[in-house]
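Student: Could we go through this structure by question and answer, with the reasoning spelled out?

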Amino acid sequence: MTFTKESIKQEVHDKGVEFIRLEFTDMLGDTKNVELPIEELESVLENEAMFDSSSISGFSDIQESDMYLYPDLSTFKVLPSTVDEDPVARFICDIYTTDGTPFEGDPRYILKRAMKEAAEMGYTVNVGPEPEFFLFKLNDEGYPIKKMNDRGGYFDASPIDKGDKVRRDIVRTLKKFGFEMEASHHEVAMGQHEINFRFDDMLRAADNIQTFKSVVKDVATNHDYHATFMPKPIAGENGSGMHCHLSLFKDGESVFCDEKDEDGISVTMKHFMGGILKHAPGIAAITNPNVNSYKRLVPGYEAPVSIAWSHSNRSCMIRVPSTRGKGTRFEVRNPDPTANPYLALAVTIQAGLEGIRNKVDPGAAETRNLYEVHDDSVPTLPTNLKEALTALRKDKVLMNALGDHTSSIYLEEKEEEWTEYSLQVSQWETDKYMNK
C-alpha cells in the first residue's frame, strides 16, 4: 500500500493512535525501537526523530552517537491487538547521520546498496524466505524451559500437533500486516514449526522477516509459549533453517528460465549460483552468524554441508525446484533465522552478481548423497564460526558488500563471541573426559 504523510495522519486520527513506534535493526539482527507520543507525529514525518546510537551494536562511538530515524512511509502500520493492546502505529526506519547522509553501518542501507548494484545491471531480485522456529513451554515465572510444546513430527495433525492454534493466530496477525500467506505446518522436529509467506523484493523480504519474527514471538507469548529461532536448540533433533528462494528478473521477465536448456535454467542463473557457491565460506559468517549455527550444519539432519547445487538433493547448499517459467528459482539452504536478513541478503546477492560479471561456473548438478561422500571432491561449508570468520576476512567481495564500518565491527564482535565460547567447558566434555 502507498502511504502519504496526509493519509497517515488521517488513519492515525481515525484509529485513535496514541503512540508511534520507530523500529530499526542493529548489526546483529535484533529489532530495536523507540516510542514517541502521537503529538510527535509531525516531527517524525519530517525526519526529525533523533536517538542516541552509542549503545546500539555496530553503530557509533560516544563522540558521534546522535543519529536520525527516517521512517519508510510504506512500512506504516497500526499494530494489531495481538501484537499490542494499546493503539500503536509502527514505522520501519532508515538511519541517517546528523549531516543528512545515510549511516553506512545501517543494515537496511547496506542491503539498499546491493539492490542498487543489481538495478544498475538491469536486475531486480525477489526473495522468498522460510524461517522455522520452535515453541517451548514456560515456567510459572514466565521464563522458557527446555520442554517443547508438543511431540509432533512433519505435517502431523492435531491433537499430536499442539501448535496449530498458535500458527493460526500468527497467520491472522501477519495478514493484518499485509502479508500474503501461503501455508503453515508442523516441521520435522518435536515442537518445530514453519509458516510460509509470499516472496517480495529484497528490501521488503528483509523487512518481512523482521516483522515475522516479532509477530511469532508476541503471539507465542499470548499462548503461554516461548518461540525461539535458535538454529539448534535440541541435540539430536533437526535444527531451524531459513531457506531463501531467489529469482532474478529483467524488464518483468525471469532471466533464470531458459526453455532451450536441458534443465530449463539459464546461463545467467548458473553464473549467479556460481558466485554464491564461490563465496559460500565467507557468506556463512553472515547467514549462519553464531556458535550454535554450526551445530545445525552437520550431516544427517536435513541441513546442507556441501558447497554444491542440485535439483532435489538436500545435502547441497543450493537446490533448484522443478518449477519453470517465471517461477524459476533456486533455494539457498544454509541460512538460519538468527541471521541479520539485511546483511545476509546483501552479501548473498553481491556474490551472485559477481558470479554473473565473471561468469563463474557452478559445476555440474550433484546427484550423490553428499552426506555419504567422505573425500575432498566436494568442498564443504565451515564447521564452526571461527572458520567462517576467517573466510569472510579474506573475501574482498563480501567485505566490500558490508562496507568498512560494518565488516570491521562485525568481525571484532564475532571473534569475541568465539573466544567466549572457547573458554566454556560443556557437560559433554566433563562426561567424556573426566575419567580419562
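The exchange below covers a helix, the nonpolar cores, an annotated tyrosine and the cysteines of this predicted model.

Student: What does helix α3 span from its first C-alpha to its last?

Tutor: Helix α3 runs over residues 107-120, which is 14 residues. At 1.5 Å a residue the expected span is 20 Å, and the model comes close to that. The span reached is 20 Å.

Student: Within what arc do the buried residues of α3 fall, seen down its axis?

Tutor: The buried residues of α3 are P107, R108, I110, L111, A114 and A118. An α-helix has 3.6 residues a turn, so residues three or four places apart point the same way. Seen down the axis, the buried residues of α3 line one face of the helix, because they fall within an arc of 165°.

Student: Which residues are exposed on the other side of α3?

Tutor: Exposed means over 50% relative accessible area. On the side of α3 away from the buried residues, two names meet this: K116 and E120.

Student: Which helix gives the largest share of the largest nonpolar core?

Tutor: That core has 63 residues, and F272, I276, I318, F330 and L392 have the most contacts inside it. The largest share is 10 residues, and it comes from helix α9.

Student: Which residues does I276 touch, apart from those up to four places away in sequence?

Tutor: I276 is among the residues with the most contacts inside the largest core. Contact here means heavy atoms within 4.5 Å. With that cut-off, I276 touches L246, I283, M317, I318, F330, T348, A351 and G352.

Student: Is Y371 buried or exposed?

Tutor: Y371 lies in the loop between α9 and α10, and an unreviewed UniProt entry annotates Y371 as "modified residue: O-AMP-tyrosine". Beyond its neighbours within four places in sequence, Y371 is in contact with P299, G300, E302, A303, P304, V305, R314 and S315. Buried means under 20% relative accessible area. At 18%, Y371 is therefore buried.

Student: How many disulfides does the structure hold?

Tutor: A disulfide needs two cysteine sulfur atoms within 2.5 Å. The cysteine sulfur closest to that of C244 is in C316, 17 Å away, so the pair is too far apart for a bond. C244 is buried at 6% relative accessibility, and C316 is buried at 0%. The number of disulfides is zero.

Conventions. Residues are numbered from 1 along each chain as its sequence is written. This is a predicted model: local features need pLDDT of at least 70, side-chain atom pairs count only at pLDDT 80 or more; totals for chains, interfaces and linings use all residues. Side-chain values use heavy atoms; hydrogens and water are left out. Helices (H or I, at least four residues) and strands (E, at least two) are DSSP runs, numbered from the N terminus. The expected span of a helix is 1.5 Å times one less than its number of residues. Buried means under 20% relative accessible area, exposed over 50%, partly exposed in between (1.4 Å probe, protein chains only). The arc is that of the directions from the helix axis to the C-beta atoms. A nonpolar core is a set of buried Ala, Val, Leu, Ile, Met, Phe, Trp, Tyr and Cys residues joined through side-chain atoms within 4.5 Å. UniProt positions are given in the numbering used here, feature names are shortened, and annotations may be inferred rather than shown by experiment.
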